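Q: Please take a close look at the salt bridges of this model and at the helices that carry them. A connected account, with the values stated, would be preferred.

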Amino acid sequence: MTFKIYTKTGDKGETALYGGTRVSKASARVEAYGTIDELNAFIGIAKSHIDDSDCLKQLAEIQYDLFTLGSEAATPIDKVYLANGKSRLPVTIKEEDISKLEVWMDKMDECLEPLQFFILPGGGKAATFLHAARTICRRAERGMVFLNETEEVRPELIKYLNRLSDYLFVMARYVSMLDNEQEEYWNPNAR
């Protein structure tokens with residue numbers, strides 16, 4: 001049996017959350033997990049321009065984490081647990097996922113020149129896409145914070161996105177260094 005990708009159930013501007021609740025496609029929750037999906041796609045674009053196997057492995061793990069985070073974002077907190085007390089979600093974002101980002105950042109940062117000025121997005125194709133992913137990550141974080149103002153969101157989700165945006169900035173700098181690309185600085189005193 002084959003399944004069609006289209007269901008036609010969203011033709012009137014609504015979608016189903018995980019757990020079955022139907023909401024507007026313009027809802028804060030749908031906006032939040034949609035931005036997480038966009039972020040995941042941009043990380044995929046960045047990966048297509050990176051040759052370093054360690055960087056690729058880390059970004060692949062992050063993409064997996066973003067699917068996990070997206071599934072949590074698509075599930076109202078009161079729908080996470082089934083009647084029998086088991087979680088509807090097979091995996092969730094944990095503190096260890098956040099710590100992993102910090103360890104990776106610290107290791108990359110040891111190889112980089114200390115920051116003295118703001119960096120303009122650029123530094124080669126891979127770095128540029130990572131900088132774009134960083135800005136999308138910040139938007140995803142703002143979306144989760146906005147959602148949390150009306151519906152409860154586990155704090156680990158917001159914290160993960162906050163740390164991930166920092167990670168993407170450091171990774172952009174690191175990839176620029178690996179590719180021997182020049183970073184451009186915003187130095188307000190240089191004009």
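A: The account below begins with the overall fold and then turns to the salt bridges and the helix contacts around them.

The model is a predicted one. Its secondary structure consists of five helices and four strands, and along the sequence these follow the pattern β-β-α-α-α-β-α-α-β. The protein has 191 residues, of which 39% are buried. Of the contacts between residues at least 6 apart in sequence, 73% join residues at least 24 apart.

Side chains of opposite charge can pair when their charged atoms come close. A search of the whole structure returns 12 salt bridges. Among them is the pair formed by the side chains of R29 and E151, with an N to O distance of 2.8 Å. This pair links distant parts of the chain, as R29 belongs to helix α1 (residues 28-47) and E151 to the loop between α4 (125-148) and α5 (155-178), 122 residues apart. The two partners can also be described by their accessibility. R29 has a relative accessibility of 4% and therefore counts as buried, under the cut-off of 20%. E151, with a relative accessible area of 33%, is partly exposed.

Another salt bridge joins the side chains of E102 and R163, where the N to O distance is 2.7 Å. Because E102 lies in helix α3 and R163 in helix α5, the pair ties together parts that are 61 residues apart in sequence. Here the acidic partner, E102, is partly exposed at a relative accessible area of 29%, whereas R163 counts as buried at 16% relative accessibility.

A further pair is contained within a helix. The side chains of R138 and E141 meet in a salt bridge at 3.0 Å, N to O. R138 and E141 are three residues apart in helix α4, so about one helical turn separates them. R138 counts as partly exposed, with 29% relative accessibility, and E141 is buried, with a relative accessible area of 12%.

Helix α4 also packs against helix α5. The axes of α4 and α5 come within 8 Å and cross at roughly 170°. That angle makes α4 roughly antiparallel to α5, since angles over 145 degrees are placed in that class. By class, the residues of this contact comprise 17 nonpolar, five polar and four charged.

Helix α3, which holds E102, also takes part in a contact with helix α2. Helix α2 (residues 53-73) and helix α3 (residues 95-109) pack at an angle of about 155°, and their axes lie 12 Å apart. The two helices α2 and α3 are therefore roughly antiparallel to each other, and their crossing is left-handed. On the α2 side, the residues in contact are Q58, E61, I62 and D65; these meet D97, K100, L101, W104 and M108 in α3. Sorted by class, this contact has four nonpolar, one polar and four charged residues.

The charged part of this contact can be followed further. E61, D65, D97 and K100 are linked in a network of salt bridges. E61 and D65 are in α2, and D97 and K100 are in α3, so the network includes residues of both helices.

Helix α2 has a further residue that merits attention. T68 is found in α2 and, at 6% relative accessibility, counts as buried. Leaving aside residues up to four places away in sequence, T68 touches V91, T92 and I93.

A last detail concerns the chain after helix α5, the helix of R163. N180 is placed in the loop between α5 and β4 (184-186). Most residues other than glycine have a negative phi. The phi of N180, by contrast, is near 55°, a positive value in a residue other than glycine. N180 counts as exposed, with 71% relative accessibility.

Taken together, the salt bridges described here include a link between α1 and the loop between α4 and α5, a link between α3 and α5, a pair within α4, and a network made up of E61, D65, D97 and K100.

How values were computed. Residues are numbered from 1 along each chain as its sequence is written. This is a predicted model: local features need pLDDT of at least 70, side-chain atom pairs count only at pLDDT 80 or more; totals for chains, interfaces and linings use all residues. Side-chain values use heavy atoms; hydrogens and water are left out. Buried means under 20% relative accessible area, exposed over 50%, partly exposed in between (1.4 Å probe, protein chains only). Contact means heavy atoms within 4.5 Å. Axes are lines fitted to C-alpha atoms, for helices over the stretch in contact, and angles run from 0 to 180 degrees between N-to-C directions. Angles under 35 degrees count as roughly parallel, over 145 as roughly antiparallel, 65 to 115 as roughly perpendicular and the rest as oblique. A crossing is left-handed if the near helix is turned anticlockwise from the far one by less than a right angle, and right-handed if clockwise. Ala, Val, Leu, Ile, Met, Phe, Trp, Tyr, Cys and Pro count as nonpolar, Asp, Glu, Lys and Arg as charged, and the others, Gly among them, as polar. A salt bridge is a side-chain nitrogen of Lys or Arg within 4 Å of a carboxyl oxygen of Asp or Glu.
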